[in-house]
Amino acid sequence: MKTLRLVVSVADISVQVVLVFASKVLYLWAGTDPVLGSLAVAMPSHLDPVPLSSILRRTNEAHLSEAFAKRLATKLNIQVFASLDIPTEYSDLREGLEKRLVDEVISCLEDEIIWSQVSIGSISTLKP
């Protein structure tokens, strides 16, 4: 298991990010305050192109964590636990922030050579 911490900035927002990698599992927490808000899980299915997902800890913004977990599970073809706790006053920047987080996760995975533990497609197909 490997843990990484980083800061992602979009506009004037600095978001703390914690990534925990295990074999074919990724846990991602991202937020501006050190609290666990919503928590969702998503995993790819060989029966459906849309990943299976569930909200494990519900808050008002739980749908954001679930959607983000689904996007990462689809891109990486692994099980993803995601907790995104971005304040509602930054709602106009969430899309850009989520894209930046996806890019950072993929970059970290490439840098840490976690790909050998994860059975996914070609890395080049994941780059924007």
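## Strands, core and loops of the chain

In this predicted model, strands β3 and β6 run parallel and are joined by 7 bridges. One of the pairs across them is A30 with L84, its bridge partner in β6. On this pairing the rest of the description can be built.

Strand β6 also pairs with β4 (residues 39-43), here in the antiparallel sense and through 3 bridges. In that pairing V41 has F81 of β6 as its bridge partner. Of the 7 residues of β6, 5 are buried, so the strand is largely enclosed by the rest of the structure.

Strand β3, which covers residues 25-31, pairs with β2 as well; the two are antiparallel and share 7 bridges. L19 is found opposite L28 of β3. β2 and β3 form a hairpin with 2 residues between the strands, and K24 in this hairpin has a positive phi near 60°. Strand β2 spans residues 13-22 and is mostly covered, with 7 of its 10 residues buried.

β2 is in turn joined to β1 (residues 2-10), again antiparallel, by 9 bridges. V10 has I13 as its bridge partner in β2. This pair of strands is also a hairpin with 2 residues between them, and A11, in the turn, has a positive phi of about 55°. As a general point on such strands, side chains in a regular strand alternate between the two faces of the sheet.

The whole chain can now be put in order. It has 2 helices and 6 strands, and along the sequence they follow the pattern β-β-β-β-β-α-β-α. Of the 128 residues in the chain, 41% are buried. Among contacts between residues at least 6 apart in sequence, 54% join residues at least 24 apart.

What lies in the interior? The largest nonpolar core has 30 residues, and those touching the most other members are V17, L19, L26, L28 and L72. Two or more residues of this core come from each of β1, β2, β3, α1, β6 and α2 (94-111). The largest share, 7 residues, is given by α2. L19 and L28, the residues that stand opposite each other in β2 and β3, are thus both among the core members named above.

L72 shows which parts of the chain come together here. Leaving aside neighbours within four places in sequence, L72 is in contact with L26, L28, N77, V80, V102 and V105.

N77, one of these contacts of L72, is found in the loop between α1 (62-76) and β6 (79-85). The phi of N77 is near 60°, a positive value in a residue other than glycine. Its relative accessibility is 42%, and N77 therefore counts as partly exposed.

K70 is found in helix α1. With a relative accessible area of 27%, K70 is partly exposed. Not counting residues up to four places away in sequence, K70 touches A42, V50, P51 and S53. The C-alpha atoms of K70 and S53 are 6.9 Å apart, while the two residues are 17 apart in sequence.

Beyond β6, T88 is found in the loop that leads to α2. T88 has a relative accessibility of 47% and so counts as partly exposed. When neighbours within four places in sequence are left aside, T88 is in contact with E61 and R94. T88 and N60 are 28 residues apart in sequence, with 9.8 Å between their C-alpha atoms.

The last feature is an enclosed space. Rolling a probe the size of a water molecule over the atoms shows where empty space is left. The structure holds 1 cavity of 30 Å³ or more, and the volume of the largest cavity is about 40 Å³. Which residues line the largest cavity? They are L64, L84, I86, R94 and E98. By type, this lining divides into 3 nonpolar residues, 2 charged residues and no polar ones. Two residues of the lining have been met before: L84 is the bridge partner of A30, and R94 is in contact with T88.

Definitions and conventions: Residues numbered from 1 in each chain as written. Predicted model: local features only at pLDDT ≥ 70, side-chain atom pairs only at ≥ 80, totals over all residues. Heavy atoms only, no water. Helix = DSSP H or I, 4+ residues; strand = E, 2+ residues; numbered from the N terminus. Buried < 20%, exposed > 50% of the residue type's maximum accessible area, 1.4 Å probe, protein only. 1 Å grid on protein atoms, 1.4 Å probe; cavity = no way out; pocket = protein on both sides within 12 Å on 5 of 7 lines; lining within 4 Å. Points joined across faces, edges and corners; volume = space filled by probe spheres on them. Nonpolar A, V, L, I, M, F, W, Y, C, P; charged D, E, K, R; others polar. Pairing = 2+ DSSP bridges. Core = buried A, V, L, I, M, F, W, Y, C linked by side-chain atoms within 4.5 Å. Contact = heavy atoms within 4.5 Å.
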